[in-house]
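Visitor: Before we begin, could you take me through this model and explain how each label is earned?
Guide: Gladly; let us look at it together and set each value against its criterion.

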Amino acid sequence: MSEFSEWFHNILEEAEIIDTRYPIKGMHVWLPQGFKIRKHTLNILKAILDEDHEEVLFPLLIPEDELAKEAIHVKGFEEEVYWVTHGGLSELNEKLALRPTSETAMYPMFSLWVRNHSDLPMKYYQVVNTFRYETKHTRPLIRVREITTFKEAHTVHATAEETEQQVKDAVKIYKKFFDMLGIPYSVSKRPEWDKFPGALYTVAFDTIMPDGKTLQIGTVHNLGQTFAKTFDITYETATGEHEYVYQTCYGLSDRVIASVIGIHGDKSGLCMPPDIAPYQVVIVPIIFKKGGEEVLEFCRNLEEKLKSEANLRVYFDDRDIRAGKKYYEWEMRGVPLRIEIGPRDIQNKKLVTYRRDTQEKEIIDYNPLAISETLFETLGEISLNMKDKAWATFEKCIRSVDSIEEAEEEMTKANGIITFNWCGNEDCGKDIEEKVKVAILGVQEPDNENSTCINCDKPSKHRTLIAKTY
Ligand code: 5CA
Ligand code: ZN
């Protein structure tokens, strides 16, 4: 196990995020702390999607004949589908698939719902569990067989231009979401052989984990009319003709939380972005024999104040254990801001704050009229600092090279992302993957029109990203 994997497994257990002992490979239990992180993360995404999407909820089971309808799609998933074959003791007339994703559950219904051009665009999303019988090595949150928090959006449009635009909008949505979590990303168009089964093209978000391997943390697919033709999704134009619709879909999974844990964490444990931290502020009383009750009273008031005035998630830790033990624990759990209060601080109208991101203590003035706002602002600074730090590390892991040899050499030095010019040809791309023992993540928007492929010297329009991937 690599150093990072070991750290990752340990922290999931120690911080009580998930319990991996559930007796089915690739399926885990969310524990209360993890569930809170999951909930806050979900709320952020939902708030963004709710601006112009509607939430729906489809059944888990998909009839075999629907799943099988779209040939390319089913081919892509055939090795990963779990099947329900029995109801009690009787064999079912038709096998039912546990959704690996929901195109084939949703689109037969979309075919009933879309009638007229005025029904379009339609933008739906759902948050569900999906099942994939992954054959690659499973890892908690990163590659699971039950994706517990699959956030999938599906949109339907009248024109190809609109789907092009929707892909761009979805990329913007995901950027905004990852920015709030301080997760750095690169966005690229996946090569043909790595696109979503059934899509025209796939745009993917990749981040870099601490071991230098990239993790695909989200994807946006332009589905064109492939599924519309398979599932007969048509609309009537203003002039009375029937036209096939154009579609997109995009999704995120439990990997988002894996990346937050991995990227912001350090030797002391988790470091949670304030927006999704189960507790944003922890108050630890420093109690001596004398004046204990006064300290507790002060802390209780401060807790109430921060909750009511700044709507913060605050935990007042009045357990009867050593303060040092509390510090260790909250540090490991990644609470962004800790406040320590002893009798002398109350007398001097001071507070001691400790920031998890910088691991620095500060003595601040205690002004009852301004304290909520001050701490609220500090949390904002923590978010920004965490984001900046993560981006700085990410950018250091991206290097540009001019030859295959240089790419190989760079890869032996360190993982991360390497960029260069590539012609876009599939055989040439696979040759590069073979030579450098990496995966092509994808190509970015044209930025160097007159360059040549580092492998075959043919003209190249695109900057290409390669990396060792999860
Ligand atoms: N229907 C489309 C859009 S929702 C779809 O299924 N796309 S996907 O296959 O690319 O999955 C969306 C995201 O889920 C991926 O970008 C990846 O971040 C994540 N994901 C895929 N498989 C797993 C898995 N086994 N465990 C955890 N996350 C996964
Ligand atoms: Zn080439």
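Visitor: How do you know how many salt bridges cross the interface of domain 1 and domain 3?
Guide: This is a predicted model, and across the interface of domain 1 and domain 3 the rule finds zero salt bridges. The rule asks for a side-chain nitrogen of Lys or Arg within 4 Å of a carboxyl oxygen of Asp or Glu, so no pair across this interface is given that name.

Visitor: Which polar pairs does the rule find there, and how many?
Guide: Five residue pairs are in polar contact across the interface of domain 1 and domain 3, both partners being at pLDDT 80 or more. On the side of domain 1 that touches domain 3, β9 (186–189) and β10 (201–208) each supply at least two residues, and β9 gives the most, with four residues. By class, that side of domain 1 has four nonpolar, four polar and six charged residues.

Visitor: What makes domain 1 and domain 3 partners in an interface, and where do their bounds lie?
Guide: Domain 1 covers 3–264 and domain 3 covers 398–467, with domain 2 assigned to 281–376. The centres of domain 1 and domain 3, taken over C-alpha atoms, are 28 Å apart, while the contact takes 14 residues from domain 1 and 16 residues from domain 3. Together the two domains bury about 1,100 Å², of which 63% is on carbon and sulfur atoms.

Visitor: Why is the pairing of Q216 with ligand 1 called a polar contact?
Guide: A polar side-chain atom of Q216 lies 2.7 Å from an oxygen atom of ligand 1; the limit for a pair of N or O atoms is 3.5 Å, so the pair qualifies. An N or O atom in the side chain of S253 is 2.7 Å from a nitrogen atom of ligand 1, and a polar side-chain atom of R255 lies 3.3 Å from a nitrogen atom of the ligand, so these pairs also come within the limit. In total 21 residues surround ligand 1, the closest being E103, E134, Q216, T219 and S253.

Visitor: What makes the peptide bond between L120 and P121 worth pointing out?
Guide: The bond joining L120 and P121 is cis, with omega about -5°, and P121 sits in the loop between α5 (103–113) and β7 (122–131). Most peptide bonds are trans.

Visitor: What is the phi of E16, and where is E16 found?
Guide: Phi of E16 is near 55°, a positive value in a residue other than glycine, and E16 belongs to the loop between α1 (3–14) and β1 (18–19). Most residues other than glycine have a negative phi.

Terms used: Residues numbered from 1 in each chain as written. Chains lettered and ligands numbered in written order. Predicted model: local features only at pLDDT ≥ 70, side-chain atom pairs only at ≥ 80, totals over all residues. Heavy atoms only, no water. Domains from an automatic or database assignment. Contact = heavy atoms within 4.5 Å. Buried area = accessible area lost by both parts, 1.4 Å probe. Polar contact = N/O pair within 3.5 Å; in protein donor to acceptor, adjacent residues only side chain to side chain. Nonpolar A, V, L, I, M, F, W, Y, C, P; charged D, E, K, R; others polar. Near = heavy atom within 4 Å.
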